[in-house]
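Biologist: I should like a close look at how strands pair and how helices pack in this model. Please give the cut-off behind each term where it is first used.

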Amino acid sequence: MPRTRPHHLLRAALVARPLLVAALALLLVAGGFAARSGVSWYRAAHDDSAAYAVERDNALSAGEQSVQNLNTLDHNSLERGLDLWESSTTGELHSQLVAGRAKFEEQVRQAKTVSTAKVLSGAVTELDDRAGRARVLIALRVTVRAPGGEASDKDSRMLGELTRTEGHWKLSALGQAPVGDTSAD
Amino acid sequence: MSVWEGIGRVVKVAEGEAVTTETEAVGESGAVEESGDTDAPDRPPARSRRRRFLLGGVTVVLVLAGAGLLVKAQELRAAPAAANHALTDTEATTRVNGDVSSALAKIFSYTPDGTGATGRSARELLGGRAARQYTQLFAQVRERVAEQRVTLTTQSVRSGVVSLDGDSAQVLVFLDQTARRGDHKPVTSAAQLSVTARLRGDHWQIVDIKAR
């Protein structure tokens, strides 16, 4: 007896149960579609560079906010302003602020200044996602209002270092980018 | 990739699978008899109907699940964070930083007798609005530079890529500019610039500069 050829088999099935064959084919297509979509979703959901990008944006927004906080102070609400300074920082910078708080408070109370800050632009230059360390560049405009005097604007370029503590990015170091110092580290 | 393109591609793959299944069925003896069996008129209609519902139901569920997953995947990929390749694409990030920094150093550095060379490199390194602004500014400065023997040296101190998406990038650059007038002592000042750059061939060209 000759072997049943595939196209004979298919033809027989088509003649006998055309709807069943069509339905099975459709099922197969649907299965393939679902499988492909599943793989596509899994890849997107477990994309390391996407997670890294999210962390970069987290670090930048925390960095910009913290730098703004640390350049904002109203002599009328010193307590609140300095509490915000402390909650925006961690590590060495935090310790320095805590240690110098009383002295600084006295200075601002006497000068009666109101400082506000606006971030003009910011960028993350380094990000170690695992260690929880990042460096940011921030262009900042600080407006200082002294009693009786005019408000004065000062643009500054800041270099910040951020450390992730308990899931939050906080400033651990902050300084002005030095002028005339060509040795960029 | 749009959602529909994705589906189209999936269907093609699934068709390919269907063909292989048919050929696999060759060796199975009794396959024809079985399909003949299901056609028997004395077969209980309830069982056939249940099977039909099951088949249709599973197909619908698979299609819905597939569509849902595809939409989720698209959402994840289109997230603003993922679309910005600053730092995630380290090679491109280094490239933009380098090209923009060296371009700024070139166009904002000149000697009293070398303004021609500066202007020439600017034509190559700048485009769009930045080129127009620079041409205007440089025309004003040029005479004074020769007259007062001014030398300007610009160096990029630090730069960071704010956003990087395909052939377009935003870069924040901190510059040091040292100016020397005649025999006077040089004066160094700081500048912050927001630069928009576009990839032209294998080089990033500056198309807009904003002082910060």
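Modeller: The account below takes the sheets of the two chains in turn and then the contacts between helices.

The model is predicted, so local features need pLDDT of at least 70 and side-chain atom pairs count only at pLDDT 80 or more, whereas totals for chains, interfaces and linings use all residues. Residues are numbered from 1 along each chain as its sequence is written, while chains are lettered from A and ligands numbered from 1 in the order in which they are written.

Chain A contains five helices and five strands (DSSP runs numbered from the N terminus, H or I of at least four residues for helices and E of at least two for strands). Their order along the sequence is α-α-α-β-α-α-β-β-β-β. With a radius of gyration of 31 Å, chain A lies well over the 16 Å that the globule rule gives for 185 residues, so it is more spread out than a compact globule (the radius is taken over C-alpha atoms, and the rule is 2.2 Å times the number of residues to the power 0.38). The C-alpha trace of chain A spans about 110 × 35 × 30 Å along its principal axes.

The five strands of chain A make an open antiparallel sheet in the order β1-β2-β3-β4-β5 (two strands pair if DSSP finds at least two bridges between them). Its edges are β1 (73–74) and β5 of chain A, each of which pairs on one side only. At the β1 edge, β1(A) joins β2(A) (residues 114–128) through two bridges in the antiparallel sense, with Asp74(A) opposite Val114(A). At the β5 edge, β4(A) (residues 152–165) and β5(A) (residues 168–176) pair antiparallel over eight bridges, and Gly160(A) has Leu174(A) as its bridge partner. These two strands, β4(A) and β5(A), form a hairpin with two residues between them. In the turn of that hairpin, Glu166(A) has a positive phi of about 50°.

Two helices lie across strands of chain A. Helix α3(A) (residues 48–70) lies across β2, β3 (133–145), β4 and β5 of chain A and runs at about 150° to β2(A) (axes are lines fitted to C-alpha atoms, for helices over the stretch in contact, and angles run from 0 to 180 degrees between N-to-C directions). Helix α5(A) (residues 91–111) lies across β1, β4 and β5 of chain A, at about 65° to β5(A).

In chain B, four strands form an open sheet in the order β1-β2-β3-β4, again with antiparallel pairing. Here the edge strands are β1 (150–165) and β4 (203–211) of chain B, each pairing on one side only. Neighbouring strands in this sheet are turned by 30° against each other on average, direction ignored. Within the sheet, β2(B) (residues 168–181) and β3(B) (residues 187–200) pair antiparallel over twelve bridges, and Ala179(B) faces Val187(B) in β3(B). Helix α7(B) (residues 128–148) packs on the sheet, touching β1, β2 and β4 of chain B, and its direction makes about 75° with that of β4(B) (contact requires C-beta atoms, placed from the backbone, to lie within 7 Å).

The same helix also meets α6(B): the axes of α6(B) and α7(B) are 11 Å apart and the packing angle is about 175°. The two helices, α6(B) and α7(B), are therefore roughly antiparallel (angles under 35 degrees count as roughly parallel, over 145 as roughly antiparallel, 65 to 115 as roughly perpendicular and the rest as oblique). Thr115(B), Gly119(B) and Ala122(B) of α6(B) meet Tyr134(B), Phe138(B), Arg142(B) and Val145(B) of α7(B). By class, this contact of α6(B) with α7(B) has four nonpolar residues, two polar and one charged (Ala, Val, Leu, Ile, Met, Phe, Trp, Tyr, Cys and Pro count as nonpolar, Asp, Glu, Lys and Arg as charged, and the others, Gly among them, as polar).

On α5(B) (residues 90–107), the axis comes within 9 Å of that of α6(B) (residues 115–125), and the two cross at roughly 150°. This crossing of α5(B) and α6(B) is left-handed (the near helix is turned anticlockwise from the far one by less than a right angle; clockwise would be right-handed). The contact involves Ala103(B), Lys106(B) and Ile107(B) of α5(B) together with Thr118(B), Ser121(B), Ala122(B) and Leu125(B) of α6(B).

Between the chains, α2(A) (residues 18–45) packs with α3(B) (residues 45–78) at an angle of about 25°, their axes being 8 Å apart. The helices α2(A) and α3(B) are therefore roughly parallel, and their crossing is left-handed. The contact of α2(A) with α3(B) comprises 18 nonpolar, six polar and two charged residues.
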